[in-house]
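Reader: I am new to this structure. Please pick one part of it and look at it closely. Then show me what lies around that part.

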Amino acid sequence: MLNLSKIRQQFPALKETDAQGQPYAFFDGPGGTQVPHQVITAMNRYLTEANANHGGHFITSQRNDQLIETTRQAMADFLNASAAKEIVFGQNMTSLTFNLSRAMSRLFQPGDEIIVTNLDHDANISPWLALEEQGIIIKWVDFDVTDCRLDLTQLTDSLSEKTKLVAVGYASNAVGTINPIAKIVELVRQKSSAWVWVDAVHYAPHGPIDVQALGCDFLVCSAYKFFGPHIGVLWGRYDLLEQIPAYKVRPADDNPPGKFETGTQNHEGIAGTNATIAYLAELGRTYGQSFAPDPTCYPARRGELKQAMQTIMHHERELFTTLLNGLQTIPEVTIYGLTNSAEFAERCPTLAFTHAKFSPTEIAAYLGERGIFVWNGHYYAITVINRLGLAESGGAVRVGLAHYNTPDEIERLILAVREMAERGS
Ligand SMILES: Cc1ncc(COP(=O)(O)O)c(C=O)c1O
């Protein structure tokens with residue numbers, strides 16, 4: 001069980017209030033989560049004590065380089081990568097995906113195929129679509145609009161020896177569906193030698209990631225979605241990273257990860273990411289005992305991170321049940337995605353809904369005026385919103401839960417939506 005008041009004390013933003021002293025309720029996590037004070041301190045310290053470029057023979061540069069390598073190992077532990085050198089830092093997930101897709105395409109031939117899905121954020125679609133100009137053929141996999149699950153039969157039918165890459169999301173940032181990545185990898189391996197590129201941006205704050213158990217080839221995430229600063233992180237199998245000819249300046253490192261880290265990195269962001277991982281590991285040590293330690297996890301921090309994310313998942317599932325049950329009692333509300341509690345292992349606590357009388361913009365603005373922060377629109381998941389038939393009506397309202405949210409905040413949100421609905425009718 002998480003001690004929510006102790007957890008929340010660590011997040012300065014959660015103490016912010018409106019002019020009447022009412023605290024804000026942050027349900028905007030899928031667009032970016034709040035950060036604990038340890039992250040803010042680490043970034044501050046970096047800029048005070050280690051603010052230098054890489055590779056110098058003086059103390060601030062040496063501290064900088066040490067911190068980058070420490071954070072690489074921290075991210076390797078977070079993702080259960082086999083080596084720190086498989087971790088590449090970048091501006092954000094979108095830029096890393098454009099960077100790597102373009103570099104990979106130097107190995108592809110016209111007529112080669114890439115599979116993308118309608119359930120993905122556009123950052124895992126457009127970088128692959130851009131390769132059409134080089135003669136690459138894009139194939140689409142759809143999802144079932146009634147429950148928002150991917151069509152794995154269509155995926156299987158789309159695979160062939162021509163498939164070079166399958167780009168798939170770990171979880172949908174619009175409707176919350178968690179895709180069965182290990183199973184998808186198995187299907188891909190049965191019919192092709194394609195690489196599997198996983199967008200874990202939405203999933204990362206909600207559950208443990210183990211790239212070795214998933215069996216995928218690349219996985220990307222963004223620290224700002226899991227309580228860290230604005231940087232992107234890529235994990236790739238080292239032999240594949242070695243093979244891919246990077247677009248780089250001549251003096252830069254010829255080997256991964258350096259060859260993909262174009263230009264000077266966001267060093268203070270990297271320092272903050274190290275502190276984010278330390279925050280999560282501490283959460284695992286403090287609250288994770290109800291989940292058995294995994295004896296295969298080495299170093300110990302990997303086990304702590306796994307326990308942290310299992311604890312977060314458990315806590316969020318309870319919160320999500322409260323949210324779903326409450327919204328379902330409001331007339332004329334439609335909820336998208338999986339709503340059967342027996343299937344909650346297949347979804348993140350991210351809920352998209354619409355109301356028959358109010359547009360998503362009106363609802364988000366009404367809530368925003370009351371200090372309740374939610375997103376509305378398509379959140380760049382344009383194919384999801386199109387397929388759900390919501391593109392013309394302004395998309396949906398998205399309520400994203402994070403582990404720092406409380407049942408009281410959820411009650412506040414439900415009351416406000418109910419109040420709006422009753423006023424309107
Ligand atoms: C599922 C998903 N993928 C990719 C992205 C893009 O991430 P970034 O902002 O790091 O480029 C987002 C951002 O909202 C997302 O939710």
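Author: The answer below starts with helix H10 and moves outward from there.

This is a predicted model; local features need pLDDT of at least 70, side-chain atom pairs need 80 or more, and totals for chains, interfaces and linings use all residues. Numbering starts from 1 along each chain as its sequence is written.

Start with H10, at residues 267-287. Helices (H or I, at least four residues) and strands (E, at least two) are DSSP runs, numbered from the N terminus. H10 packs against helix H3, residues 59-79. Their axes lie 9 Å apart, at an angle of about 45°. Axes are lines fitted to C-alpha atoms, for helices over the stretch in contact, and angles run from 0 to 180 degrees between N-to-C directions. That angle makes H3 oblique to H10. (Under 35 degrees is roughly parallel, over 145 roughly antiparallel, 65 to 115 roughly perpendicular, and the rest oblique.) The crossing of H3 and H10 is left-handed. Left-handed means the near helix is turned anticlockwise from the far one by less than a right angle; right-handed means clockwise.

Which residues meet? H3 brings Asn64, Leu67, Ile68, Thr70, Thr71, Ala74, Met75, Asp77 and Phe78. H10 answers with His267, Ile270, Ala271, Thr273, Asn274 and Ile277. Contact means C-beta atoms, placed from the backbone, within 7 Å. By class, the contact of H3 with H10 has 8 nonpolar, 6 polar and 1 charged residues. (Ala, Val, Leu, Ile, Met, Phe, Trp, Tyr, Cys and Pro are nonpolar; Asp, Glu, Lys and Arg are charged; the others, Gly among them, are polar.)

H10 also packs against helix H2, residues 37-49. Here the axes come within 8 Å and cross at roughly 145°. The crossing of H2 and H10 is right-handed. From H2 come Gln38, Val39, Ala42, Met43, Tyr46 and Leu47. From H10 come His267, Glu268, Ala271, Gly272, Asn274, Ala275, Thr276, Ala278 and Tyr279. The contact of H2 with H10 has 9 nonpolar, 5 polar and 1 charged residues.

Now look at the loop between helix H9 (238-243) and H10, where Pro257 sits. The peptide bond from Pro256 to Pro257 is cis, with omega near 0°.

Next, the wider layout. An automatic or database assignment sets the domain bounds. Domain 1 covers 4-36 + 309-424, and domain 2 covers 40-279. Their centres, taken over C-alpha atoms, are 27 Å apart. The contact takes 33 residues from domain 1 and 32 from domain 2. On the side of domain 1 that touches domain 2, H11, strand E12 (350-355) and helix H13 (382-387) each give two or more residues. That side divides into 21 nonpolar, 7 polar and 5 charged residues.

H11, residues 300-328, also packs against helix H14, residues 407-424. Their axes are 10 Å apart, at about 15°. That makes H11 roughly parallel to H14. The crossing of H11 and H14 is right-handed. Leu319, Thr322, Leu323, Gly326 and Leu327 in H11 meet Pro407, Ile410, Ile414 and Val417 in H14. The contact has 7 nonpolar, 2 polar and no charged residues.

What surrounds the ligand? There are 14 residues around the ligand; Asn92, Thr94, His121, Asn173 and Ser222 come nearest. (Near means a C-beta atom, placed from the backbone, within 6 Å.) The shell has 4 nonpolar, 9 polar and 1 charged residues.

One last spot is Cys148, in the loop between strand E5 (143-144) and strand E6 (149-150). Phi of Cys148 is near 65°, a positive value in a residue other than glycine.

Terms used
Contact = placed C-beta atoms within 7 Å.
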